[in-house]
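Here's a quick briefing to read with the model open in your viewer. It goes through the contacts and the strand pairings by topic.

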Number of protein chains: 2
Amino acid sequence: MSETPYTPVERQRRMLEYINQNRSVHLQELALFFHISEATARRDLDELSRQGAIIRTHGGAMRAEKSTAYETLYQERMNQQQPEKERIAIRAAQMVKNGDTVFIDAGTTAFAIAKAISHLERLTIITNDLFTASQLQLKPTCTLMVTGGMRRGASQELVGAAAEEFVGAVHADIAFIGVDGVDWMGNVCIANFDEMGIKRAMLHSATQKVIVADHGKIGHAALVRICYLKDADCLITDDGISTDSLRKLKKVGNDIILA
Amino acid sequence: MSETPYTPVERQRRMLEYINQNRSVHLQELALFFHISEATARRDLDELSRQGAIIRTHGGAMRAEKSTAYETLYQERMNQQQPEKERIAIRAAQMVKNGDTVFIDAGTTAFAIAKAISHLERLTIITNDLFTASQLQLKPTCTLMVTGGMRRGASQELVGAAAEEFVGAVHADIAFIGVDGVDWMGNVCIANFDEMGIKRAMLHSATQKVIVADHGKIGHAALVRICYLKDADCLITDDGISTDSLRKLKKVGNDIILA
DNA sequence: CATGAAAATGTAATTATTTGCAAGTTTGGA
DNA sequence: TCCAAACTTGCAAATAATTACATTTTCATG
């Protein structure tokens, strides 16, 4: 065949479109369509399923079920405004496996991550975000815990001593912390003093510490430093960042991941 | 046949659509339509029936009546019994004054009370209800605290040791506790075991203990007793209750208020 | 430009699931 | 009450998934 072979990721992307257009697919149908072996088709479907993009069935796969109307609205709005957040979330979700305990902090990026891991089994998700706490749909084998604390103004996040104490009393495999700025000195900053304690507490009580920030946040300091970039295991941002910026970040941080 | 056979899951989905379009189906009809044996058709119907999507009959299946099957949404439930709940809430709100600390437990009645006191100043409201926590609008001088804890299934309420510990660590001037039943022996009951701890903790940590229940709940016991009516300072119900019932309640309780 | 490590792919053996068939049993209407 | 149709159960064949492993491709680096 003289057809241009796709890269695995590109092929999976097209596969997802194919599945979303039709309602479901057969494994053989995919193998034939993309000129790959059934083994590879299975691996692709498994990967898409792991990302929660489709639902794997015996003999093929089906389109993923749509979320509730409210959630879809929220998510569409988020996608329109910040498509890179979605990419960051999908990349972040790949770091979580079945059975993990996960800290999800407050904010839209954090909710996107929570959505992206919601297809996993036996998760324990701990959040201080009331929107995530009330809207997230999880598998029956999962547990969702809320930190408690004081609602900050009219926002949807919980802060204060009670929240910090809760987080200090538990331990998570991984923490995802959204921030407002990461400067070239490696200062990881947020714009609000109230949130400092809870974010620090989550970082402290997690084995793996992950900072998430879209490229617009890179290179700017903000009001409060919650940690140094070296203190976190990795930073996930999007590929809107320049090569130069990336080089500078690598000097002050550990693993820098572009989604 | 050159037709591509469906995957089992996809076939079941189409089968469900087929059954929903027609009112009912015969087994042979399905076997013929989907080119499968009657044994497989039976297995598919059994699976759909197990999911509650259809109702199995001798020789086939029929559409499921999904009126009661689906869980009613929070907002929809909010509208049920609205007038009574509204009156109870307004009466309950009269017991709260500026600067009070108030326990609001989970449920629609409790949310109605929260709304009814939201015009007051310098309140501290403590709730284990995620809907109240995220939706309630308060004056800037007020504080809203969330207990934290585990989200019970897909409900909007927090339960468990963490929630109870939080409540045990603070003290409120008044607690409003919604219940599922108050019988003639003075047993104040709820229908769910999980909520027992948090409701008891709120009662324990409050100076004034108020039980709220619309007249439909009066005279019935439920699964768990959280306290005796004598333990509470007052019970607020609506005037749908009979004179006889009121007399019986007064024997086993303290102040009985009709809203 | 060579080269070695990591990733991707295909193949084959093994295991698990699905399917159809046929035995005996139950059901529901005449 | 009787009997044909529908159901249940056990089982073997067909189909798909999983696992292990060999081969190829990709890509950063000396």
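In what sense do E7(A) and strand E6 of chain B pair, and over how many bridges? They pair in the antiparallel sense, over two bridges. Bear in mind that this is a predicted model. The rest of the briefing starts at that chain-to-chain pairing, then moves through the wider interface, the two DNA strands and the sheet pairings inside chain B.

**Strands that cross between the chains**

- E7(A) meets strand E6 (residues 143-146) of chain B, and within this pairing A:Met150 has B:Met145 as its bridge partner.
- There's also a pairing of E6(A) with strand E7 (residues 149-151) of chain B, again antiparallel and again over two bridges.
- In that second pairing, look for A:Val146, which sits opposite B:Gly149 of E7(B).

**The interface of chain A and chain B**

- Each side puts in a fair list of residues: 30 from chain A and 30 from chain B.
- If you like to think in areas, the size of an interface is often given as the accessible area lost when the parts come together.
- Here the two chains bury about 2200 Å² between them, and carbon and sulfur atoms carry 54% of it.
- Three residues stand out on the chain A side: A:Arg23, A:His26 and A:Arg151 supply 27% of the area that chain A buries against chain B, more than any other three residues.
- The count of salt bridges between the chains is two.
- A:Arg23 also turns up in a salt bridge, its side chain meeting that of B:Glu17 at 2.4 Å, N to O.
- As for polar contacts across the interface, the rule finds 14 residue pairs, with both residues at pLDDT 80 or more.
- On chain A, the elements giving two or more residues to the side that touches chain B are strand E1 (24-26), strand E3 (60-63), helix H7 (130-135), strand E6 (143-146), strand E7 (149-151) and helix H8 (161-169).
- H7(A) gives the largest share of that side, with five residues.
- By residue type, the side of chain A that touches chain B splits into twelve nonpolar, 14 polar and four charged.

**Around DNA strand D**

- DNA strand D has 16 residues around it, and the closest are A:Arg42, A:Gly59, B:Arg42, B:His58 and B:Gly59.
- Of the atoms of DNA strand D that come within 4 Å of the protein, 79% belong to sugar and phosphate.
- Backbone atoms do some of the phosphate contacts here: a polar backbone atom of A:Gly59 is 2.7 Å from a phosphate oxygen of DNA strand D.
- On chain B, a backbone N or O atom of B:Gly59 lies 2.6 Å from a phosphate oxygen of DNA strand D, and for B:Thr57 the distance is 3.4 Å.
- The elements giving two or more residues to this surface are helix H2 (27-34) and strand E2 (54-57) of chain A, plus helix H2 (27-34) and strand E2 (54-57) of chain B.
- The surface near DNA strand D breaks down into two nonpolar, ten polar and four charged residues.

**Around DNA strand C**

- For DNA strand C there are 16 surrounding residues, the closest being A:Thr40, A:Arg43, B:Ser37, B:Thr40 and B:Arg43.
- Sugar and phosphate make up 65% of the atoms of DNA strand C that come within 4 Å of the protein.
- Side chains supply phosphate contacts on this strand: an N or O atom in the side chain of A:Thr40 is 2.5 Å from a phosphate oxygen of DNA strand C, and a polar side-chain atom of A:Ser37 lies 2.8 Å from one.
- From chain B, the side chain of B:Arg11 has an N or O atom 2.9 Å from a phosphate oxygen of DNA strand C.
- Helix H1 (8-21) and helix H3 (38-50) of chain A, along with helix H1 (8-21) and helix H3 (38-50) of chain B, each supply at least two residues of this surface.
- The residues near DNA strand C come out as six nonpolar, six polar and four charged.

**Pairings inside chain B**

- E6(B) is joined to strand E5 (residues 124-127) of chain B by four bridges, and the two run parallel.
- In that pairing, B:Thr127 stands opposite B:Val146.
- Chain B also has an open sheet of three strands in the order E10-E11-E13, with antiparallel pairing.
- Its edge strands, each pairing on one side only, are strand E10 (181-182) and strand E13 (224-228).
- Strand E11 (residues 187-190) connects to E13(B) through four bridges, with B:Arg225 as the bridge partner of B:Cys189.

Note on methods:
Residues are numbered from 1 along each chain as its sequence is written. Chains are lettered from A and ligands numbered from 1 in the order in which they are written. This is a predicted model: local features need pLDDT of at least 70, side-chain atom pairs count only at pLDDT 80 or more; totals for chains, interfaces and linings use all residues. Side-chain values use heavy atoms; hydrogens and water are left out. A residue is near a molecule or strand if one of its heavy atoms lies within 4 Å of it. A polar contact is a pair of N or O atoms within 3.5 Å; within protein, one must be able to donate a hydrogen and the other to accept it, and residues adjacent in sequence count only if both atoms are side-chain atoms. Ala, Val, Leu, Ile, Met, Phe, Trp, Tyr, Cys and Pro count as nonpolar, Asp, Glu, Lys and Arg as charged, and the others, Gly among them, as polar. Contact means heavy atoms within 4.5 Å. Buried area is the accessible area (1.4 Å probe) that two parts lose on being put together, summed over both. A salt bridge is a side-chain nitrogen of Lys or Arg within 4 Å of a carboxyl oxygen of Asp or Glu. Two strands pair if DSSP finds at least two bridges between them.
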